[in-house]
Each structure stands twice: as structure tokens, then as C-alpha cells.
Amino acid sequence: MKQMIKKFTEISKKMKGFISIVLLTFIGSIIFVHNNYSFYERPIVEVVKTELLDQTEIKDHVNNMDKLFTQQIIGEVKNGKEKGKQIYLTNEFTSSKANNDEYHIGSELFVHIDSEVGENGYLKGSVDDVKRDKYLLMITWVFIFSLLFVGKRQGLFSLFSLVINAIILSIALDVYVNTSEKSLLIICSISVIIFTIISLILVSGRNEKTYAAIIATLLGTFLSLAITYFVLWVTSEKGLRYEELQFITRPYKLVFLAGLFLGSLGAVMDVAITMSSSIFGLYEKNNNISVKALITSGREIGKDIMGTMTNILLFAYISGTIPMLILYFKNASPLGFTLSMNLSLELARALAGGIGIVLTIPIGLYITIFFVNRKRASE
């Protein structure tokens with residue numbers, strides 16, 4: 001404890017001010033999220049008592065066994081005109097959690113309050129959803145503190161970049177939803193350019209390394225999209241199952257391409273800045289290093305990151321389909337149909353991102369060497 005106090009007294013006033021602001025924001029947000037019931041329009045109930053009324057074993061047509069429980073809940077209304085009153089709720093849940101969850105004392109629930117009052121004058125209603133903002137806030141702060149602790153100044157800029165990009169993406173989607181004549185790919189293309197410039201400049205600063213990474217990222221991403229679009233056109237998109245997208249009221253194939261476009265951006269950007277930073281790092285250690293040596297080193301670096309990055313993309317996309325795969329298999333769905341329905345789009349996204357990664361390695365290498373030679377000539 002004494003060492004922590006000593007370290008705190010040794011840091012600059014600006015850093016002390018920044019730490020104080022972060023801590024005050026953290027404490028303020030925690031207090032707010034525990035007392036924000038009045039900001040919600042939907043009624044919120046805090047569970048004060050639960051009782052298990054019944055349990056029944058159930059079996060479906062493929063012999064999957066489960067247990068159905070009936071739970072009675074007594075809660076206190078936390079907002080609205082019924083604030084402070086008790087309400088009685090009935091909740092049915094299964095041990096597999098396929099049908100609702102079991103609620104415990106202290107759980108906060110969004111409910112629908114019936115207009116009719118019970119025989120004893122108490123309120124009745126049904127559970128709509130769970131109030132999760134407390135948990136989401138804690139996870140967000142864990143992420144923020146981890147980012148600041150590991151990345152320090154760069155972590156702060158990464159956080160700014162993330163917030164700005166999220167705002168830009170929401171604006172872009174809002175423009176598309178409310179303006180039917182605008183092409184989603186054009187909107188996403190503009191967004192990708194803005195994302196790339198803002199993210200890399202905030203994280204790496206305004207220098208030749210960043211400029212090389214920006215150009216490599218944009219070229220790799222747009223080339224990946226063009227090649228993917230060409231392959232889909234040549235193959236007439238055979239083997240892709242768009243059923244999960246057909247519920248939207250917009251062209252689902254275009255939406256798939258836009259998601260694929262944005263999905264590959266992160267991996268391509270990572271490869272581009274890795275190549276740029278590595279090559280410039282070699283040059284800064286030895287200003288007399290030859291172009292041939294830089295190319296050789298760049299190729300070795302590219303080989304090292306190529307496999308890991310493509311695997312990351314594959315696992316990131318495939319992992320999201322595991323619950324659906326289990327659901328299909330548990331309901332005796334054929335193997336080929338299950339994989340086709342759930343993995344065709346994810347594999348297409350992973351392959352498109354992999355193409356972007358592979359293309360970005362040589363693009364990033366030679367663009368970075370161009371900037372290195374330009375910097376060398378100006379010195």
C-alpha cells in the first residue's frame with residue numbers, strides 16, 4: 001500500500017488528474033446504474049422472494065430429455081406509477097435454459113403489469129426480459145481498465161478510436177435504413193475509409209509508418225471485396241445459404257457483402273500495421289539496411305502472421321455458430337444439411353478475410369519500403 005501511494009505521488013499532475021477523472025467516472029457510473037430505474041419507460045421489478053411450485057420431466061420427438069420448472073416470484077416495482085408495490089409473477093424455465101432462466105432474489109426484471117388486479121389486491125404480470133445494464137457496465141469497465149493498464153496512452157487512443165468508429169457505424173447504418181436509394185456498399189466503403197484513417201492515426205500517430213498502413217489496409221480490403229464479389233458472380237453463389245438473412249426487408253445478398261467487407265477490415269488493418277511497424281522498426285535500428293534485407297525480413301514476418309491471422313478469423317466466425325450446430329444435431333438434423341445451413345456464410349466470410357490478409361502482406365511490405373526509401377532520401 002505504501003509503495004502504491006509513493007508511486008502515485010511521483011507521477012505528474014496531468015496523470016493524477018486523468019486518473020482522478022477515470023476513477024470519478026467509474027464511481028459515478030456505478031452509482032447511476034444502480035439507481036437509474038426512473039430513466040426506463042418499461043416497468044422494472046426487483047425480485048424479493050422466489051418459490052419453486054412444480055417440476056415436470058419432458059421429452060421431445062427425438063428423445064431429448066429436459067425438466068420444466070414453474071417458479072413463483074414476488075417482486076417490488078422500482079419505477080412508474082406502481083412504484084413501491086408488490087407484484088406476483090409466474091416464470092416457467094427448463095434445466096437446459098432453452099425456455100427462460102431461473103430468477104433469484106435480487107434479480108431485476110422488465111415486466112408487463114396486467115391491468116386487472118389479483119383477488120387480494122396485489123399486482124399481476126409477466127416477465128419480458130432481464131435488466132442487465134449493471135453487468136454490461138462492469139464488463140465495459142474491465143475492458144477499459146485493461147486497455148489503459150496495458151496500452152497506457154496508446155490504449156486511451158484506442159478507446160477513443162473504438163468509440164468514434166462505433167458512432168460512425170451507427171450513423172452509416174441509420175443513413176442506409178432511412179434512405180432507401182443509397183447503396184449499402186457505397187456507405188460501407190466510405191465508412192471503411194474513415195474507420196481506417198481514424199483508427200490508425202489515433203493509435204500510431206501521423207507518420208510514414210501510419211500512412212503506409214492506411215494505404216495497405218484500404219488496398220487489401222477493397223481488393224478482397226472485389227475478388228470475393230467476382231468469385232460469387234462466377235459461381236452464381238452456389239452453396240451459400242441465405243436463409244438467416246431473408247427476414248430483412250433489404251437485399252440480403254448486399255447486406256451479406258457489406259458485413260463481409262467490414263468483417264475483414266479488422267484483420268487486414270492488423271496485418272498492415274504489423275508489416276509497417278516491423279519494417280520501420282528494422283530501418284530505425286539500422287538506417288543502412290538494404291532493400292533486399294527488408295524484403296527478406298518482411299516476407300518472413302508475413303509468413304509468421306499469415307497462419308495465425310487466418311486461424312483467428314476462422315475461429316471468430318465459426319465459434320458463433322456452435323450453439324446452432326448443437327441445436328441442429330440435438331434435433332437429429334443430417335450432418336450435411338446442418339453444416340450447410342450454419343457454416344456456409346461463416347466460411348465465406350472467413351475465406352474473404354483470409355484473402356485480404358494474404359494480399360495485404362505483400363502490399364504492406366512494398367508500400368512500407370516505398371515510404372522507407374522516401375524517408376531515407378529526405379534525410
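So, Gln71 stands opposite Asn91 in strand E3. Before I go on, keep in mind that this is a predicted model. Back to the strands. Leu68 also has a partner in E3, and that one is Thr94. Both pairs sit where strand E2, residues 65–77, meets strand E3, residues 86–94. Nine bridges join E2 to E3, and the two run antiparallel.

Now the other neighbour of E3. Strand E5, residues 123–130, pairs with E3 in the parallel sense, over three bridges. If you want a spot to click on, Ile87 stands opposite Leu123 in E5. As a reminder, strands of a sheet pair through backbone hydrogen bonds, either parallel or antiparallel.

What do the strands close into? A barrel: five strands, in the order E1-E2-E3-E5-E4, with mixed pairing. On average, neighbouring strands of this sheet are turned by 45 degrees against each other, direction ignored.

Okay, on to the helices. Two packed helices are described by the angle between their axes and the distance between the axes. Take helix H4, residues 184–204, and helix H6, residues 252–285: their axes come within 10 Å and cross at roughly 20 degrees. That angle is under 35 degrees, so H4 is roughly parallel to H6. The crossing of H4 past H6 is right-handed.

Who makes that contact? On the H4 side, the residues include Leu184, Leu185, Cys188, Val192, Phe195 and Leu200. From H6 you get, among them, Leu254, Val255, Phe261, Leu262, Met269 and Ile273. By class, the residues of the H4 and H6 contact come out as 15 nonpolar, four polar and no charged.

One of the H4 residues in that contact is Ser204, so let's stop there for a second, because it counts as buried, with a relative accessible area of 18%. The cut-off for buried is under 20%. Leaving aside neighbours within four places in sequence, Ser204 is in contact with Gln154, Lys209, Thr210 and Ile273.

Second helix pair: helix H7, residues 291–319, and helix H9, residues 335–378. They pack at an angle of about 160 degrees, with their axes 9 Å apart. Over 145 degrees counts as roughly antiparallel, and H7 and H9 are therefore roughly antiparallel to each other. H7 passes H9 in a right-handed crossing. The contact of H7 with H9 has 20 nonpolar residues, six polar and four charged.

Last residue for today is Glu346, which you'll find in helix H9. Is Glu346 buried or exposed? Buried, at a relative accessible area of 11%. Which residues is Glu346 in contact with, leaving aside its neighbours within four places in sequence? Those would be Glu244, Tyr317, Ile318 and Thr321.

And for a sense of distance, try Glu346 against Thr50. They are 296 residues apart in sequence, and C-alpha to C-alpha they are 42 Å apart in space.

To recap: there's a five-stranded barrel with mixed pairing, a roughly parallel pair in H4 and H6, and a roughly antiparallel pair in H7 and H9. The two residues to click on are Ser204, buried at 18%, and Glu346, buried at 11%.

Key
Residues numbered from 1 in each chain as written. Predicted model: local features only at pLDDT ≥ 70, side-chain atom pairs only at ≥ 80, totals over all residues. Heavy atoms only, no water. Axes fitted to C-alpha atoms, helices over the stretch in contact; angles between N-to-C directions. Helix = DSSP H or I, 4+ residues; strand = E, 2+ residues; numbered from the N terminus. Parallel < 35°, antiparallel > 145°, perpendicular 65-115°, else oblique. Left-handed = near helix turned anticlockwise from the far one by under 90°. Contact = heavy atoms within 4.5 Å. Nonpolar A, V, L, I, M, F, W, Y, C, P; charged D, E, K, R; others polar. Buried < 20%, exposed > 50% of the residue type's maximum accessible area, 1.4 Å probe, protein only. Pairing = 2+ DSSP bridges.
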